[in-house]
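This note offers a colleague's reading of one structure, set out as numbered points. Please keep the sequence and the model in view while reading.

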Amino acid sequence: MFSTLALCSLSILSTFTTTAALQFPPVDLGYATHVPTYINTTESGTRIGLYNNIRFAQQPTSSLRFRKPHTPPPSQHGIQDGRDRLFSSDCVSAAPPQVLFPTINGSAWGQEDCLFLNVWVPEGVRPGDNVPVIHWLHGSAYAFGSKDLFNAMGLMDLIKRREDRFIFVASNYSPYPNLCPPSKEVS
């Protein structure tokens, strides 16, 4: 019985995966190929492909520390689905004790290797479609924050017709721009 249930589950998963792949094909960026991390459905019934943790620049470490992001990122082999760093892509952050968020005030977290973005794409959007893009940059007074702070499903729920579609992008950035030494590198 267990083997029959397992086979049935694999068959359903295979059908779902094939259907999802047709609706949300891999995206080849030249240095990496990404597939959705998740596929969610809004309350209005629109399916959304979430391409999480797409590296957009080289790691800002060593000689690249406190400089503008260097592109392109290094090549990534294989298909990327963003799951390898679901909870570890925040930039170095610190929340002072006075912050009104009891779970984080007085703490520090994150890492220097954090230049990633998330892209939310409605079903049916293809390369060359003239679709508006909303690019969200988190606030938090250059002290803390993350591309993962905002859940765009509420915005995506505004998509009722094909003409309403848009792409939502959220990106991390170094929260310490004032530490960059002035030079031609920083603009």
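**Notes on an aromatic cluster, a pocket and the strands**

1. Phenylalanine 168 is a suitable place to begin: this residue is buried, with a relative accessible area of 1%. The model under review is a predicted one, and the values quoted below should be read with that in mind.

2. The setting of this residue is strand 10. Of the 5 residues in strand 10, 5 are buried, so the strand is largely enclosed by the rest of the structure. Its residues point in two directions: Phe168 and Ala170 face one way, while Ile167, Val169 and Ser171 face the other.

3. The next topic is the aromatic rings. Searching the whole structure gives 3 aromatic pairs. One of them joins tryptophan 136 to phenylalanine 150, a tilted pair with 5.4 Å from centre to centre and 35 degrees between the planes. Tryptophan 136 belongs to strand 9 (residues 133-137), whereas phenylalanine 150 sits in the loop between strand 9 and helix 2 (153-156), so this pair ties together parts that are 14 residues apart in sequence.

4. How accessible are the two partners? Tryptophan 136 has a relative accessible area of 23% and is partly exposed. Phenylalanine 150, at 32% relative accessibility, also counts as partly exposed, because the partly exposed class runs from 20% to 50%.

5. Phenylalanine 150 also pairs with phenylalanine 168: the ring centres are 5.7 Å apart and the planes stand at 35 degrees, so this pair is tilted. Since phenylalanine 150 lies in the loop between strand 9 and helix 2 and phenylalanine 168 in strand 10 (residues 167-171), the contact ties together parts that are 18 residues apart in sequence. Together, Trp120, Trp136, Phe150 and Phe168 make up one aromatic cluster.

6. Which strands does strand 10 pair with? Strand 8 and strand 10 run antiparallel and are joined by 4 bridges. Strand 9 and strand 10 run parallel, with 5 bridges between them. Serine 171 of strand 10 takes part in both pairings: this residue is the bridge partner of leucine 117, and leucine 137 stands opposite serine 171 as well. In general, strands of a sheet pair through backbone hydrogen bonds, in either a parallel or an antiparallel manner.

7. Strand 10 also contributes to a pocket. The second largest pocket holds about 360 Å³ of space. It is lined by 17 residues, and those closest to its centre are Val27, Tyr51, Val119, Val121 and Ile167. Strand 4 (47-55), strand 8 (116-122) and strand 10 each provide at least two residues of this lining.

8. What is the character of the lining of the second largest pocket, in terms of nonpolar, polar and charged residues? The lining comprises 14 nonpolar residues, 2 polar ones and 1 charged one.

9. A separate point concerns an open sheet of 3 strands, whose order is 1-2-5 and whose pairing is mixed. Strand 1 (27-28) and strand 5 (79-80) are its edge strands, each pairing on one side only. Strand 2 (residues 33-34) and strand 5 run parallel and are joined by 2 bridges. Histidine 34 has glutamine 80, in strand 5, as its bridge partner.

Key:
Residues numbered from 1 in each chain as written. Predicted model: local features only at pLDDT ≥ 70, side-chain atom pairs only at ≥ 80, totals over all residues. Heavy atoms only, no water. Phe/Tyr/Trp six-rings, centres within 6.5 Å; stacked < 30°, edge-to-face > 60°. Buried < 20%, exposed > 50% of the residue type's maximum accessible area, 1.4 Å probe, protein only. 1 Å grid on protein atoms, 1.4 Å probe; cavity = no way out; pocket = protein on both sides within 12 Å on 5 of 7 lines; lining within 4 Å. Points joined across faces, edges and corners; volume = space filled by probe spheres on them. Nonpolar A, V, L, I, M, F, W, Y, C, P; charged D, E, K, R; others polar. Pairing = 2+ DSSP bridges.
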